[in-house]
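Please open the structure in your viewer and keep the selection tool at hand. The tour below proceeds one selection at a time.

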Amino acid sequence: DPYLLSVFSVRSVSGQGTARPLSSPEVGDPPGTPRTTPAASASTPSRDTSEMNYYRKRHRDGSNREREGRGGTAERHSSPHQVQRTQGPRWGLGGKLGEEANPKPFFENLWAQALDGMFTDVIFSFSDGPRILAHRNVLCAKSAIFQSMFASNMIEARTGVISICDFSHGAFYCFLEHLYLDSPGSGWHSRNIDARELWSLADKYDVPSIKECLILGLDQTNIAAAAAYALSHWDPSDNPLADACIAAAEKHMKCLQALEGVPSDVIELLLSGRVIGKRGQLVRFGLIQRWCAANSADPTSCQVQSLVSKIKFSSISWDDIETFVRPSNLVPEQQLLAYRPGRGSHSAGWRG
């Protein structure tokens, strides 16, 4: 089988320079069962298609669905993990990540062994970068998905070769780095990774510690992008990432950045949090104003007016309305006149 021969040649350089057989003893075999290379057979396909598809459908989240049948063609919608192709702003890593990272020497040594190919028994292959070696005992200890896969009779469990097609090489490198170090490594910033890929990797392989790390990294530079990604993949009524973005926006509302290309429903989501401070409503209005400027939004559009309706102008002082709200032209003048102190006749116009 050409596929097995090519895999065998790759596996031969992953250890100490000597070729190693591809398959391991089957689950349930007595200890000491020798490792043997599976023989190619005309009646046995090189890949267990039904088992592979079962694994993918069981562990892949989102809208990925497959329709299969003998003699039929499988139909697959775009995987939610292929975030390189999705629309929306790029979710950059926050500046806080890495500040408190202090991996233990034991974990650092394990990761160094993986990078050097010492005692590794798993190969991850990519179309956009070199292969990455790893230890399956580390993968199984950190991810129940990997444990389930390696305990099965899938081709990946027998050969130790896993092809990654729905994530970039850089994102998967950082994912493995966190699995080993249990904290963000140097690759998280040096590789300019899109956090959407890291979140999807954590979701696909069930590694909640990476999600917690990304949530801790939310700041004024990436909250809007993270919220846009959350809304595009999950129901906001049951969405931990959206909830985290709302809580982070409450603290950073005044200085939220990177609003270009952010949908209006994301701003509406961020405005659904608590109002903090005496000038909280004015701060929220400032977010709408910055979003309109970043996206050249029409003040009379339904999206803008829907956002403006979330502001309680009665809580904003008249001086602030005249200084900040009125010049924005986002609120009709007649509406603002209703909040003018001592209003008697709206026809009197504005003072000054």
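Select helix 16 together with helix 14 and helix 17 (333–337): the buried residues of helix 16 pack against these two helices. Please keep in mind throughout that the model is a predicted one.

**Helix 16 and its two faces**

Within helix 16, colour Trp318, Asp320, Ile321, Val325 and Ser328, which are buried. Now turn the view until you look down the axis of helix 16; the buried residues fall within an arc of 125°, so they line one face of the helix. Which exposed residues does the face turned away from the buried side of helix 16 carry? Select Asp319 and Pro327 to see them. Then move to Asn329, which follows helix 16 and has a positive phi, near 60°.

**Helix 14**

Next, select residues 280–295, which form helix 14. This helix has 16 residues, and the distance from its first C-alpha to its last is 23 Å, close to the 22 Å expected at 1.5 Å a residue. Its buried residues include Gly280, Gln281, Leu282, Arg284 and Phe285. Further along helix 14, Gly286, Leu287, Ile288, Trp291 and Cys292 are also among the buried residues.

Against which helices do the buried residues of helix 14 pack? Display helix 13 (264–270), helix 15 (302–308) and helix 16 (318–328), and you will have the partners in view. The residue that follows helix 14 is Ser296, with a positive phi, near 50°.

**The sheet with strand order 4-3-5**

Hide the helices for a moment and select strands 3, 4 and 5. These 3 strands form an open sheet in the order 4-3-5, with mixed pairing. Strand 4 (132–134) and strand 5 (161–163) stand at the edges; each has a single partner strand, so one side of each is left without a neighbour in the sheet. From one strand to the next, the twist averages 25°.

In general, the strands of a sheet pair through backbone hydrogen bonds, in either a parallel or an antiparallel sense. In which sense do strand 3 and strand 5 pair? Strand 3 (residues 122–125) pairs with strand 5 in the parallel sense, over 3 bridges. To locate one such pair of residues, select Phe124 and its bridge partner in strand 5, Ile162.

**Helix 7 and Ala171**

Bring helix 7 (residues 169–181) back into view: it lies across strand 3 and strand 4, and runs at about 20° to strand 4. Within helix 7, select Ala171. Is Ala171 buried or exposed? Its relative accessibility is 0%, and it therefore counts as buried.

Add Ile193 to the selection and compare sequence with space: Ala171 and Ile193 are 22 residues apart in sequence, while their C-alpha atoms are 6.0 Å apart. Beyond residues up to four places away in sequence, Ala171 touches Ile193, Glu197, Leu198 and Leu201.

**Ser143, between two helices**

Proceed to Ser143, in the loop between helix 4 (136–142) and helix 5 (144–150). Ser143 has a relative accessible area of 1% and is buried. Follow the side chain of Ser143 to the backbone nitrogen of Phe146, which it reaches at 3.3 Å. Then show Tyr205, Asp206 and Val207, with which Ser143 is in contact once neighbours within four places in sequence are left aside.

**Asn239, between helix 11 and helix 12**

Another loop residue to select is Asn239, between helix 11 (223–233) and helix 12 (240–252). With a relative accessibility of 2%, Asn239 counts as buried. What does the side chain of Asn239 reach at 3.1 Å? It reaches the backbone oxygen of Ala230. A polar atom of the side chain of Asn239 also lies 3.1 Å from the backbone nitrogen of Leu241. Residues up to four places away in sequence are not counted in the following list: Asn239 touches Ala230, Leu231 and Trp234.

**Ala244, in helix 12**

For the last stop, move into helix 12 and select Ala244. Its relative accessible area is 15%, and Ala244 is buried, because the limit for a buried residue is under 20%. Select Glu212 as well: the two residues are 32 apart along the chain, and 9.9 Å separates the C-alpha atoms of Ala244 and Glu212. Finally, display Ile215 and Leu218, the contacts of Ala244 when neighbours within four places in sequence are left aside.

Methods
Residues numbered from 1 in each chain as written. Predicted model: local features only at pLDDT ≥ 70, side-chain atom pairs only at ≥ 80, totals over all residues. Heavy atoms only, no water. Helix = DSSP H or I, 4+ residues; strand = E, 2+ residues; numbered from the N terminus. Buried < 20%, exposed > 50% of the residue type's maximum accessible area, 1.4 Å probe, protein only. Polar contact = N/O pair within 3.5 Å; in protein donor to acceptor, adjacent residues only side chain to side chain. Contact = heavy atoms within 4.5 Å. Expected span 1.5 Å × (residues − 1). Pairing = 2+ DSSP bridges. Axes fitted to C-alpha atoms, helices over the stretch in contact; angles between N-to-C directions. Arc of directions from axis to C-beta.
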